Amino acid sequence: MVKYITDYFRWLFLPSMFLFRSGQPKEYKVPGWEDILFVDNPDDISEVNNRTGDIFLGGAGNEFLGPLFGEQSVFLLDQEEHLFARKVLARSVSTSVNENVLSELKKFVCDEVDKSVLGGNVYLDEWVRRLTMTAMVRIVLGEKDSDFIKEVFTLFEKTTGFMANIVSYRKSFWNPENFFSVGRIVASIVKDIDKLIYSEIENARNNRNKDDDSVMSWLVMNQEAYGYDDQFIRDNVVSMIAAGYDTTGSSITWMLYWYSSDDNALNLGKSVSHGDGSLVDSFISETLRYCSPIEILPRKVSPDHVDEALEITKYNLESGEGEVKDMPMVCPCPHRVHHDPKVFDNPEMFVADRFLKKSYKKNEYLPFGGGRRLCLGANLGRTLLSLVIHVFIEKNVNIALSKKKFRPIRRNVSIWPGFKMRSRFYDNN
Ligand code: HEM
């Protein structure tokens, strides 16, 4: 019983034992949620990726994101509807990430770094989340006003706090009908988000500005041509803001944590001053290897394809005592592959130039997931990481963290190096 409770607590808040250590359990029953089968061998990951979309359903696996993201979110869809949503969203993102936006964002990051060097202590994780929220609101909604960004930030922060860890992994909490249900609280936060997003849709529709290069503007402008409704826009705009600010936030926080460790800042500074950007690229890849923000890629097995799923996963539904188990959720696990000594030498070490020495296959290195469900913001995410690290390098600013060692913690669905990471920014010149 004690082990049951401690394992559950670890899953919810300190999931390292499921991710980094050798001899991790192959299966885990998340109480109140799903039974998980971890897929941690590169060949098996390839097979699951190849059959994701028919045997292994990512949309059904992402059901737990439904209360916030909504049922038309690309995250929750499968098959034709999923392919359609991906096509539309990929187009909207590609037009909205352009030189103009990136130079505005760079200026914003420069100002924030300058302010923090002059100011006192900074909670690094919170500082980064504000920054990535600003980027996502600018890119997705086309809004720059700081009060508006603050309002969006406050609303979304309520959905990614530590209570959300419990809500996401406990199905009984999703019901918004019961008076005492946590789902009721979630529904009331989501109602405020809806109000704000639907009013942005109206705004984009009525005050169309030809210079507005945001995802929202693109989605409203092309609505008739593609035939989706306002809820499709709402669900996918919310999904992109939430997914983008949280995952990119976690990655940048990890990146700055490594930047402040050992000689990384010095070495990166030297290579950039020699006009060589390859070490920065490798450093970013290594950050995403060491701790990818998303630790499992949940795939629900289609009820029509259980036999094929059993063959691919080599799973046996019969337990030793003659009982027949349910088919678990099949979960490729990037962390376990990223820390497999057969794939990565000294996986527990952070090696900034690791990716300069060797390249890895898609089934060995998958911070952005894979197959048909590969992250739609992968380029944008990497671009934002690169933009931020270049600001620190160019300004020769470093970060002193008050605690040097952190234990990976879960914040809703992403993994962060810590909570309330007190730090001080300082000028190295
Ligand atoms: C470094 C930053 C990021 C990381 C590490 C990351 C990681 C991931 C991962 C692991 C998945 C799941 C893939 C799968 O199931 O196989 C995903 C999906 C997704 N991400 Fe990202 N992401 C990042 C940034 C972003 C950004 C900035 C956006 C905003 C456009 C975004 C939008 C999405 C969307 C829409 C999906 C769903 C794709 C689908 O189900 O077809 N991500 N991301």
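Let's start with the second largest pocket: 23 residues line it, and Phe-108, Glu-112, Lys-115, Arg-130 and Thr-134 lie nearest its centre. A reminder before we go on: this is a predicted model.

How much space lies in that pocket? About 470 Å³. Three helices each supply at least two lining residues: H7 (99–118), H8 (124–141) and H9 (146–160). By class, the lining has 9 charged residues, 8 nonpolar and 6 polar.

Next, the cavities. How many of 30 Å³ or more does the structure hold? There are 2. The largest has a volume of about 60 Å³. Its lining is made of Leu-105, Phe-108, Val-109, Leu-131, Thr-132, Ala-135, Ile-252, Leu-384, Leu-387 and Val-388. Helices H7, H8 and H20 are the elements that give two or more residues to this lining. Now look at the classes: 9 nonpolar, 1 polar and no charged residues. Note Phe-108, too. Phe-108 lines this cavity, and Phe-108 is also among the residues nearest the centre of the second largest pocket.

The second largest cavity comes in at about 40 Å³. Around it sit Thr-52, Gly-53, Phe-56, Gly-58, Asp-78, Gln-79, His-82, Arg-372 and Arg-373. Here the lining divides into 5 polar, 3 charged and 1 nonpolar.

On to the cysteines. How many disulfides turn up in a search of the whole structure? The count is 0. Why is Cys-331 not bonded to Cys-333? The closest cysteine sulfur to that of Cys-331 is in Cys-333, and the two are 8.3 Å apart, so they are too far for a bond. For a disulfide, the sulfurs would have to be within 2.5 Å. Cys-331 is buried, at 0% relative accessible area. Cys-333 is buried as well, with 0% relative accessibility.

A third cysteine, Cys-375, has a metal partner. Its SG atom is the single protein donor to the iron atom of the ligand, 2.3 Å away. Where is Cys-375? In the loop between helix H19 (354–357) and helix H20 (378–395).

Last stop: Ile-233, in helix H14 (residues 230–259). Is Ile-233 buried or exposed? Buried, with a relative accessible area of 0%. Leaving aside neighbours within four places in sequence, Ile-233 is in contact with Ile-201, Met-216, Leu-219, Val-220, Gln-223 and Tyr-228. Now compare Ile-233 with Thr-132. They are 101 residues apart in sequence, and 21 Å apart in space, C-alpha to C-alpha. Thr-132, remember, lines the largest cavity.

Definitions and conventions
Residues are numbered from 1 along each chain as its sequence is written. This is a predicted model: local features need pLDDT of at least 70, side-chain atom pairs count only at pLDDT 80 or more; totals for chains, interfaces and linings use all residues. Side-chain values use heavy atoms; hydrogens and water are left out. On a 1 Å grid over the protein atoms alone, a cavity is a set of points where a 1.4 Å probe fits but cannot get out, and a pocket is an open set with protein on both sides within 12 Å along at least five of seven lines; lining residues have an atom within 4 Å of a point. Grid points are joined across faces, edges and corners, and a volume is the space filled by probe spheres set on the points. Helices (H or I, at least four residues) and strands (E, at least two) are DSSP runs, numbered from the N terminus. Ala, Val, Leu, Ile, Met, Phe, Trp, Tyr, Cys and Pro count as nonpolar, Asp, Glu, Lys and Arg as charged, and the others, Gly among them, as polar. Buried means under 20% relative accessible area, exposed over 50%, partly exposed in between (1.4 Å probe, protein chains only). Donors are N, O and S atoms within 2.8 Å of the metal (3.2 Å for Na, K and Ca); water is not among the atoms, so sites may look incomplete. Contact means heavy atoms within 4.5 Å.
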